[in-house]
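Let's walk through this model together, one region at a time. Keep the viewer open as you read.

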Amino acid sequence: MRYQLDQTARKTIIFRIRQIALVTVGTLINVLLSYLMFKSGLPLFLDTVGTIIVSAFSGMLLLGILTAVISNVVCSIFNETALYLAFFNALIAIFTVWFLHKHSFKKFGKTIIFAIAISLFSAVSVSLVQFIVLGQDQTSMIVQSAQNFSSAANFPYLLSFIIVNFLLQLADKGFSCILVMILVRLVSEETRTAYTSGVWLQRPLSDKELKELKSMRSTVKHSLRTRNTHTLVFTSLVVMILTGWTGLRLYSQNEKVKKTESAWNTIKTAATLIDLERIDDYLKYGEEAEGYKETAELLSKLWMCSTDIAYLYVVKPEGEYGKFIFDVDTRAVEPDAEPPYYPGELVLFEDAFKPYFSYFEEGRPIGPVETDDTWGWLLTVYYPVKDSLGNLKCYVGADVSLRYIAEYMMVFFVKIILTMAGFFILIVAFALWKTGVYTSIPISTMTSCLERFATSGEDQDKLDENVRIIRSLDIHTQDEVERLYKAICKMTLNQAEQMRDIRHLSDSTLKMQDGLIITMADMVESRDSDTGAHVQKTSAYVRIIVEGLKKKGYYAQKITPKFISDVVRSAPLHDVGKINIPDGVLNKPGKLTDEEFEIMKTHTTAGKILLENAISSVQGENYLKEARNMAAYHHERWDGKGYPEKLHGEVIPLSARIMAVADVFDALTSPRVYKPAFPIEKALEILQQGAGTQFDAKCIEVFMDALPEVKMILKKYSSEVFM
């Protein structure tokens, strides 16, 4: 056992080394080709060649996705765009494995369609990433080609950009597919299997077993694999979104803090540029006041140096209004901006500043105050400017525009999602592989085997075969699943052995019961001097008739294997009631009188009573019920003229109707003290004449069809009697 474990561990290590080597080679191909394209300035990525090769070569999602993500992470060192394409390249690995399972890379037409499909997908994804994340394509050759095509074909620029990218991607993916087609033809199936068979922590399942497993899962409302997949995907998505959102919040807060600090520094510097003694002149004369233009120019230069400030101004608060002293003209940078307020112009403060009116009166700093109105999304701070005596003269205000932060946050969020999506799909693939190998597949295969074992019933061969199949699974997950598997192996083996012991005991019991039945029948027969081998012959005839009825499909609902067994085993007891008949009547050499015949007929009711008493003391022995029916009613007639109850047609139990034919035929062909044996032809003629009147016609039909067997039995026991 220890040796087997060592062998399994050694094989697992070898498989892992092969898979790591395959992923390493695929990653190197991606990185080297991508680096060459990047350095040469060619508008190609070639970062999925190794991914497609690994996916097609191994047929494993995990290896293909792992190659894609690692390759793009490494390529991001020299090409930022590569990191955001990891998710899309992982999807290409998924498409490749799906194509491999559905089709074949040996078929040229299918491979071309596949290359076109993934080229189109790559073109759209690359174009969107370049437009959303980077603003435009980094490769000027693609931009120029797209612009020329857009002008010539009168197409929208984005559509033209996608078309140009599609043509480039078609060359990229076409090259990859050609390499795969060559490798598929050069490398044998056994070699490729060497990279995938190691993923099993049990005996690898055949295609037939995998189909049975898939069929079984389809009957389950919520399979373990599906539930785990949903849970994993949902959890990963929530974590990814929360992480992205948290990153955005932290970035936004950090940017606001930085912009606020910059605004405070700017307005504090601006406060030092204002001549407080001339404030009244500035308000009264405006630009005509001495020193106004010089101060305005200094404030404008300060604003130009402070890239974070959207608006810089100086106001004097008057209640709910602010009277402008300076307002830096921003039209030099933004031609569409509104003209500045002129000196002395009153402007109503926004509603967001109402809670701060007392601050204006007290001369306290205000802000940051965040507003979003006609002026856009702004963050505003006010710094009080006081004279040497502490009297408030004015406020310097600065507005920081947060609009570009929102725009950048959107791009930042997309970057986070795309970056995490690549790792997300890798984590999901790894977790699904882990769940499948360690939990889902072993449990599903055990369930399938146990269901077959449970439906084996009493068939010992099926039980033994299913035990062999279960033990051949060789599940070695080294966890609770393996312990469960070993417990199941032990349980099924014990149950199969118990069934074998029970069957042996049952067979012994049946043989003993059959022996007792024969003994009882022989005791009765020994009192009847004329019934030589009657028990053996009638039992043989009963078997011929009941099997003939089954073969022809007569009474199909009634004739089951259990019924056949019960009838054949019970046949020797059909005359058990004769034990109550006096010897003088039973062995009378001549014809019975009417009174004696009435006594003889009581053997049917006597047999019925005897066997009913046996049934009541031995519960569950159904074969005795058929013995009772045959003992009680084997002298009934189809036309209702028999005894003891004058039953007719199918009201007479089928076992009794079968026994009636066997009993009469043996009586006709056997010698009695009161008559010689009839020739077999005469006996058969009598039987045929009684079909539909004395006998069930279907029983006579199958009896006549089996004449060769009947004659062999008759010859066998007749010779034994006269020997």
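How many bridges join strand E1 (residues 309-318) to E6? There are 6 of them, and the two strands run antiparallel. Before going further, some ground rules: this is a predicted model, where local features need pLDDT of at least 70, side-chain atom pairs count only at pLDDT 80 or more, and totals for chains, interfaces and linings use all residues. Residues are numbered from 1 along each chain as its sequence is written, and side-chain values use heavy atoms, with hydrogens and water left out.

Helices (H or I, at least four residues) and strands (E, at least two) are DSSP runs, numbered from the N terminus, and two strands pair if DSSP finds at least two bridges between them. Back at E1, valine 315 sits opposite tyrosine 395 of E6. E6 also pairs with strand E5 (residues 376-386), again antiparallel, through 9 bridges. One of the residues involved is valine 381, whose bridge partner in E6 is alanine 398. E5 and E6 make a hairpin with 5 residues between them, and in the turn you'll find glycine 390 with a positive phi of about 90°. Strand E6 (residues 392-401) is largely enclosed by the rest of the structure, because 7 of its 10 residues are buried. Buried here means under 20% relative accessible area, exposed means over 50%, and partly exposed is in between (1.4 Å probe, protein chains only).

Now for the nonpolar cores. A core is a set of buried Ala, Val, Leu, Ile, Met, Phe, Trp, Tyr and Cys residues joined through side-chain atoms within 4.5 Å. The largest one has 40 residues, and Leu549, Phe665 and Phe703 have the most contacts inside it. Helices H18 (534-552), H19 (561-570), H23 (654-669), H24 (680-690), H25 (697-705) and H26 (707-722) each supply at least two residues of this core. H23 gives the largest share, 8 residues. If you click on phenylalanine 703 and skip its neighbours within four places in sequence, its contacts (heavy atoms within 4.5 Å) are Tyr541, Ile545, Val661, Phe665, Leu684, Leu687 and Val710. There's a second, separate core too, with 33 residues, including Leu302, Val381, Val385 and Val400.

On the outside, Leu120, Val124, Leu128, Ile132 and Leu158 make a nonpolar surface patch of about 390 Å². For such a patch, nonpolar side chains (Val, Leu, Ile, Met, Phe, Trp, Tyr) are joined within 5 Å, using residues with over 30% relative accessible area and no salt bridge. Helix H6 (residues 108-132) provides the largest share, 4 residues. Leucine 120 lies in H6 and is partly exposed, at 48% relative accessible area.

Last stop: charges. Taking a salt bridge as a side-chain nitrogen of Lys or Arg within 4 Å of a carboxyl oxygen of Asp or Glu, the count is 24. In helix H11 (residues 224-271), glutamate 255 and lysine 259 lie 4 residues apart, about one turn of the helix. Their closest N and O atoms are 3.8 Å apart. Glutamate 255 is buried at 8%, and lysine 259 is buried at 8% as well. For a pair at the surface, try arginine 364 and glutamate 362, with closest N and O atoms 3.1 Å apart; arginine 364 is partly exposed at 36% and glutamate 362 is partly exposed at 48%. Shared partners also link Glu255, Lys258 and Lys259 into one salt-bridge network.

Note on methods: Patches are made of residues with over 30% relative accessible area and no salt bridge: like charges are joined within 9 Å, nonpolar side chains (Val, Leu, Ile, Met, Phe, Trp, Tyr) within 5 Å. Accessible areas come from the Shrake-Rupley method with a 1.4 Å probe; for residues, only the protein chains shown count as cover.
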